[in-house]
Amino acid sequence: MKKIGIITFHNSYNCGSMLETYAIQTILRKNNLETEIVNFSSDGQKELYSVYFKQLTLKNFLKNILLFFSYNRIAHNNAMYEKFKQQNFYLSKEYSTGDIIDEKNYSTVVAGSDQIWNITIKDADDAYFLNWVKEAKKVAYAPSFGAKRISDYAVNVDAYRDYLNDFDALSIRERNGKQWIKDLINKEVDVLLDPTLLLEKSDYDLIVANDIQVEEDYIFFYSPSFNIEICDYVKKIADKYNLKVITWSTKSYTTKFVKKYGFKLPDYEDPSVYLYLIKNAKLVITTSYHGTIFSTIYRKNFITVKNGDMYGDDDRVTTLLDQLGMLERLIPYDFNSDFNYLSDVDYSNYEYALQPLKDKSLYFLTENVKEASKHADA
């Protein structure tokens, strides 16, 4: 029996990327489908998550000096991400270039989710457009352009037009992506949920870290990269309520001197610790799409900080919160001493808003994959 291949950013040392991989794998296996993660990681991706910056500019040279003193912590974090990957993913053999990926064991290859179609980032690669798949069915499940329209950035737009046209089933994660596909290949596609929202809290409780414990109340400030003005904002909220702050992203924490705010890092970083810190926080403050998702999954009080491209093309978070009827949780980082940042989030309509989106997404994913599997077994 042939397998379902899944290609996404599973090799990223990023909790959202790894947990969306875990989610799509788990959903398909719950439907009695044998899956395998295509264990692909480009040189650009490996460089992105290395301890030191490889590009030898003066700025990076100075950052590398700072990172020297955090080397052991960052290397340990990376090792824990690797451990999580090996313990929780069903992996193929390793591939470093798309042209050598072997499709012969797959009836279907699913591309997505995550920003696999953001062609501007260091870990971008045409392999995520399934240009290496010649025989298997091609399914795109909720990939993201990461707010970067292909026609604005690609050297050869026609190549990507051909890639998209060659998919047997297309979907996207954000509303702007839906319009961009329409503009590029004149096809209407569904906007589907990130796969992390297809699982229940109980599914994630199976992989929550059990070797750490935080006794006192805390704010979990999850920001993959730090903005100093947002750090100031978080510090003021923490001081208002006399709460400690636990944060993330040791590399950025080190190079942005975030330690000066008194924010603490966990003993190590990986998806299991990330889930623990969200689950047990008094308040989650995040700039992250997946930080927002897991705050809702665990029904937490949370603030998603409106910043940067959220005022422009980046509708990842606004699409999500609008779908869930929770746009009031998207708050600019202008501190207001009279505002109650610990006010309870209203989840009374959450399940009602989520369930039809979940049903639609599950139907698209399982039906497109099951159909190919049935033909493969014939």
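The exercises below, each with a worked solution, concern a predicted model.

**Exercise 1. Helix α1 and its neighbour α4**

Determine how α1 is oriented relative to α4, and which residues make the contact.

Solution. Begin with the geometry: helix α1, which covers residues 15–30, packs against helix α4, residues 71–88, at an angle of about 5°, and their axes are 11 Å apart. Because angles under 35 degrees count as roughly parallel, α1 is roughly parallel to α4. Next come the residues, where α1 contributes Cys15, Met18, Leu19, Tyr22 and Gln25, while α4 contributes Tyr81, Phe84, Lys85 and Asn88. Sorted by class, the contact of α1 with α4 has six nonpolar, two polar and one charged residues.

**Exercise 2. Helix α1 and its neighbour α11**

Work out the orientation of α1 relative to α11, and the classes of residue in their contact.

Solution. The angle between α1 and α11 is about 100°, and their axes lie 9 Å apart. Since the range from 65 to 115 degrees counts as roughly perpendicular, α1 is roughly perpendicular to α11. On the side of α1 the contact is made by Cys15, Met18 and Leu19, and on the side of α11 by Pro271, Tyr274 and Leu275. The residues of this contact divide into six nonpolar, no polar and no charged.

**Exercise 3. The cysteines Cys15 and Cys231**

How many disulfides does the structure hold, and why is Cys15 not bonded to Cys231?

Solution. Recall that a disulfide is a covalent bond between the sulfur atoms of two cysteines. For Cys15, the closest cysteine sulfur is that of Cys231, at 18 Å, which is too far for a bond. Taken from the other side, Cys231 has its closest cysteine sulfur in Cys15, again at 18 Å and too far for a bond. The structure accordingly holds zero disulfides. As for their surroundings, Cys15 counts as buried because its relative accessibility is 0%, and Cys231 is buried too, with a relative accessible area of 0%.

**Exercise 4. The loop between β4 and β5**

Describe the setting of Ser113 and Leu130, and say what is notable in the backbone at each of them.

Solution. Start with position: Ser113 lies in the loop between β4 (106–111) and β5 (137–140), and Leu130 lies in the loop between β4 and β5 as well. Ser113 is buried, with a relative accessible area of 0%, and Leu130 is likewise buried at a relative accessible area of 0%.

Turn then to the backbone, keeping in mind that most residues other than glycine have a negative phi, and that most peptide bonds are trans. The peptide bond from Gly112 to Ser113 is cis, with omega near 10°. Leu130, although it is not a glycine, has a positive phi of about 60°.

Finally, consider what surrounds Ser113: a polar atom of its side chain lies 2.4 Å from the backbone oxygen of Ala142. Leaving aside neighbours within four places in sequence, the residues in contact with Ser113 include Thr8, Glu20, Arg173 and Asp194.

**Exercise 5. Helix α12 and its two ends**

Establish how many residues of α12 are buried, and what is found at its N-terminal end and after it.

Solution. Helix α12 runs over residues 289–297 and is mostly covered, with nine of its nine residues buried. Among them are Tyr289, His290, Phe294 and Ile297. At the N-terminal end, Ser288 acts as a cap, with a side-chain oxygen 3.2 Å from the backbone nitrogen of His290. After the helix comes Arg299, which has a positive phi, near 55°.

**Exercise 6. Separation in sequence and in space**

Compare the pair Ile4 and Val109 with the pair Ala281 and Arg175, giving for each the separation along the chain and in space.

Solution. Ile4, which lies in strand β1 (residues 3–7), is 105 residues from Val109 in sequence, and their C-alpha atoms are 5.8 Å apart. Ile4 counts as buried because its relative accessibility is 1%. In the second pair, Ala281 and Arg175 are 106 residues apart along the chain, with their C-alpha atoms separated by 31 Å. Ala281 belongs to the loop between α11 (271–279) and β10 (283–286), and at 5% relative accessibility this alanine counts as buried. Apart from its neighbours within four places in sequence, Ala281 is in contact with Tyr218, Phe220 and Lys300.

Conventions:
Residues numbered from 1 in each chain as written. Predicted model: local features only at pLDDT ≥ 70, side-chain atom pairs only at ≥ 80, totals over all residues. Heavy atoms only, no water. Helix = DSSP H or I, 4+ residues; strand = E, 2+ residues; numbered from the N terminus. Buried < 20%, exposed > 50% of the residue type's maximum accessible area, 1.4 Å probe, protein only. Contact = heavy atoms within 4.5 Å. Disulfide = S-S within 2.5 Å. Axes fitted to C-alpha atoms, helices over the stretch in contact; angles between N-to-C directions. Parallel < 35°, antiparallel > 145°, perpendicular 65-115°, else oblique. Nonpolar A, V, L, I, M, F, W, Y, C, P; charged D, E, K, R; others polar. Polar contact = N/O pair within 3.5 Å; in protein donor to acceptor, adjacent residues only side chain to side chain.
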